[in-house]
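Good morning, everyone, and thank you for making time for this. Please have the sequence and the picture open while I talk, and I will take you through them one part after another.

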Amino acid sequence: MKIKFNDTATGDAIAAPVYSGSALSDAARALDGESGGAITRALKSSRFTGAPGQTLTLTSPAGMQASRIVLFGLGEKKALNGNALELAAAGVVKSLLTTGAEVLSLRLDGVADLEGSARAGLGARMAAYRFDKYRTRLSDDKKPSLHTVEIVVTDAKAAKKIWKDWEPVGDGVELARDLVNEAPNYLGPEQYARRVKKLEKLGLEIQVLGEAEMKKLGMNALLGVGQGSAQESQFIILKWMGGKEGDQPIAFVGKGVTFDTGGISLKPGEKMDEMKGDMGGSAAVVGLLTALAGRKAKANVIGVIGLVENMPDAKAQRPGDIVTSMSGQTIEILNTDAEGRLVLADALWYTQQEFKPKFMVDLATLTGAILIALGHEHAGIFSNDDRLADQLFKAGKASDEGVWRLPLGPEYDRQIDSDIADMKNIGQGRLAGSITAAQFLKRYTNNVPWCHIDIAGTGMHSGAKDPRLPTFGTGFGVRLLDRLVRDHYEA
Ligand code: BES
Ligand code: MN
Ligand code: ZN
């Protein structure tokens with residue numbers, strides 16, 4: 001989708017805002033005049049009230065060049081913010097995508113400030129996203145017709161400039177979605193690493209470690225997970241050094257299980273295909289670094305992703321195996337399906353050891369239990385640092401990628417203590433499953449300020465109602481963490 005900014009509306013579809021109580025914006029009132037009162041009449045005969053998310057389309061309005069007028073609800077004028085504009089733009093785009101409309105003019109003049117107009121652009125991009133690369137027989141009437149969104153603003157030049165700071169966020173979200181949606185036979189660890197390596201063209205520094213190098217570093221927790229796979233596990237470090245030279249970096253770590261069968265502790269078959277998305281944490285890290293490089297963020301940022309495929313095989317890890325992690329701590333593997341924490345154990349330890357970061361944030365589709373607790377609506381966060389947790393909570397509110405904090409505590413340690421090793425990789429039964437997983441990770445942070453984000457629910461979401469979300473891979477985490485960096489960690 002092409003996003004443009006203009007000071008006049010030239011599209012064949014023109015969308016104008018309406019506030020709660022059917023209060024027309026100036027743009028909507030002007031269109032009502034041009035169309036001889038068509039909008040007033042349409043409002044009378046419909047249930048559209050201007051509530052957020054509502055749209056009402058008038059086709060072929062008399063006396064107008066445009067073939068469509070789309071009214072969209074913005075809710076209460078006082079409550080208008082970037083999230084509302086993002087959502088509204090997404091709703092309009094979604095409603096027009098395959099209708100035959102080609103260019104949408106979204107009237108935000110006199111309504112949105114500069115950042116708001118960019119947020120609308122981001123919403124439009126997110127709603128237009130599709131994963132169509134494997135469709136070879138899509139009939140013409142099912143193909144998207146809308147190819148351009150022209151956002152109408154009072155100062156188009158200034159809006160274009162701000163957009164440079166937001167367009168890369170859209171790029172990052174799209175890349176993260178593409179990676180999550182990709183078929184697992186096209187995105188094993190080695191294929192994934194080749195794709196990431198291509199991002200060097202953005203100015204990122206990218207280092208890929210194979211199994212021999214990981215072995216040397218002692219990453220046996222991570223390596224154990226991948227040992228049943230036909231593809232070599234990969235460990236990737238991405239660097240964006242846009243901050244002051246010598247400034248301590250911040251670090252983002254992602255779980256990249258390219259497919260999680262459960263291993264020898266095999267998962268049941270139902271919906272196992274969704275485990276192609278078990279690399280969603282890593283995808284968010286790659287998407288974030290793409291966004292930061294694209295907008296030349298003034299921050300020193302490290303991304304670390306551990307890529308493995310969890311397969312049952314003659315060489316696969318067994319329940320009962322004991323591995324020595326890079327930290328030196330030993331882990332008794334009691335369930336090979338609790339593999340994400342094993343990957344992150346070595347990735348977190350490596351990250352704090354190698355980069356001495358200000359903080360580490362990890363993202364992982366770590367537990368089914370987080371879906372039970374929070375559904376697809378919030379990600380769970382767990383932290384040893386109240387300030388960082390608070391910053392993330394606020395970034396969640398500002399970006400509309402919500403997070404909710406759950407506790408850690410020594411009282412949960414008992415559940416992961418092992419009889420014969422330093423710890424086991426599962427808790428007792430099913431109680432507090434997301435917390436015991438986080439408590440396990442905490443043992444690999446070496447007390448560096450850290451936050452774990454469990455995105456098992458938010459990273460994958462089939463059938464979401466939010467017009468910004470496609471089926472399945474959401475790209476969750478890119479907007480949230482871009483916001484965190486933007487608001488707190490740029491010079
Ligand atoms: N990748 C899964 C978690 C998951 C489940 C993500 C459903 C998205 C949707 C993870 O590796 C896993 O299998 N976790 C187990 C842990 C258990 C064995 C302690 C789980 O949640 O059941
Ligand atoms: Mn698993
Ligand atoms: Zn997993």
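**A walk through the model**

Let me begin with one pair of residues: the bridge partner of Lys4 in strand E7 is Glu150. Before I go further, please keep in mind that what we are looking at is a predicted model. Lys4 belongs to strand E1, residues 2–6, where the side chains alternate, so that Ile3 and Phe5 point to one face and are buried, while Lys2, Lys4 and Asn6 point to the other face and are not buried. Strand E1 pairs with strand E7, which covers residues 148–152, and the two run in the parallel sense over 5 bridges. For those who are new to this, strands of a sheet pair through backbone hydrogen bonds, either parallel or antiparallel.

Let me turn to another sheet. Here 3 strands form an open sheet, in the order E12-E13-E17, and the pairing is mixed. The edge strands are E12, at 322–324, and E17, at 423–424, each of which pairs on one side only. Between E13 and E17 the pairing is parallel and extends over 2 bridges, and Glu332 stands opposite Lys424 of E17.

Now to the metals, and I will take the manganese ion, ligand 2, before the zinc ion. Which residues coordinate the manganese ion (ligand 2)? They are Asp260, through OD, Asp337, through both its O and its OD, and Glu339, through OE, at 2.0 to 2.2 Å. Along the chain, these donors of the manganese ion follow the spacing D-x76-D-x1-E. The pair of Asp260 and Asp337 links distant parts of the chain, since Asp260 is in strand E10, residues 250–260, and Asp337 is in the loop between strand E13 (330–332) and helix H11 (340–355), 77 residues apart. The site has 6 donor atoms with angles of 71 to 167 degrees among them, and it is irregular. As for how far these two residues are covered, Asp260 counts as buried because its relative accessibility is 3%, whereas Asp337, at 22%, counts as partly exposed.

The zinc ion, ligand 3, has as its protein donors Lys255 (NZ), Asp260 (OD), Asp278 (OD) and Glu339 (OE), which lie 1.9 to 2.4 Å from it. Why is the arrangement around the zinc ion (ligand 3) called octahedral? The reason is in the angles, because the 6 donor atoms around this ion subtend 78 to 176 degrees, and that makes the arrangement octahedral. In sequence, the donor residues of the zinc ion are spaced K-x4-D-x17-D-x60-E. Here again a pair links distant parts of the chain: Asp278 sits in the loop between E10 and helix H10 (280–294), and Glu339 sits in the loop between E13 and H11, 61 residues apart. Asp278 is buried, with a relative accessible area of 2%, and Glu339, at 1% relative accessibility, also counts as buried. If you place the two metals in one view, you will find them 3.1 Å apart, with Asp260 coordinating both.

Several of these names come back when we look at ligand 1. Of the 17 residues around ligand 1, the ones that come nearest are Lys267, Asp278, Asp337, Glu339 and Gly368. A polar side-chain atom of Lys267 lies 2.8 Å from an oxygen atom of ligand 1, and a side-chain N or O atom of Asp260 is 2.9 Å from an oxygen atom of this ligand. Gly368 makes its approach with a backbone N or O atom, which lies 2.7 Å from an oxygen atom of ligand 1. On its own, ligand 1 has 520 Å² of accessible area, and the protein covers 76% of that.

I would also like to show you Thr336, which is found in the loop between E13 and H11. Is Thr336 buried or exposed? Thr336 counts as buried, because its relative accessibility is 3% and the cut-off for buried is under 20%. Its side chain reaches two backbone nitrogens, that of Ile264 at 3.1 Å and that of Ser265 at 2.8 Å.

Last, please find helix H16, residues 478–488. In this helix 9 of the 11 residues are buried, so H16 is largely enclosed by the rest of the structure. Among the buried residues of H16 are Leu480, Leu481, Leu484 and Val485, and also the charged-looking names on your list, Arg479, Asp482, Arg483 and Arg486.

Conventions
Residues are numbered from 1 along each chain as its sequence is written. Chains are lettered from A and ligands numbered from 1 in the order in which they are written. This is a predicted model: local features need pLDDT of at least 70, side-chain atom pairs count only at pLDDT 80 or more; totals for chains, interfaces and linings use all residues. Side-chain values use heavy atoms; hydrogens and water are left out. Donors are N, O and S atoms within 2.8 Å of the metal (3.2 Å for Na, K and Ca); water is not among the atoms, so sites may look incomplete. Four donors count as tetrahedral if all angles lie between 85 and 135 degrees; four count as square planar and six as octahedral if opposite donors are over 155 degrees apart and all others between 65 and 115; anything else is irregular. Helices (H or I, at least four residues) and strands (E, at least two) are DSSP runs, numbered from the N terminus. Buried means under 20% relative accessible area, exposed over 50%, partly exposed in between (1.4 Å probe, protein chains only). Two strands pair if DSSP finds at least two bridges between them. A residue is near a molecule or strand if one of its heavy atoms lies within 4 Å of it. A polar contact is a pair of N or O atoms within 3.5 Å; within protein, one must be able to donate a hydrogen and the other to accept it, and residues adjacent in sequence count only if both atoms are side-chain atoms. Accessible areas come from the Shrake-Rupley method with a 1.4 Å probe; for residues, only the protein chains shown count as cover.
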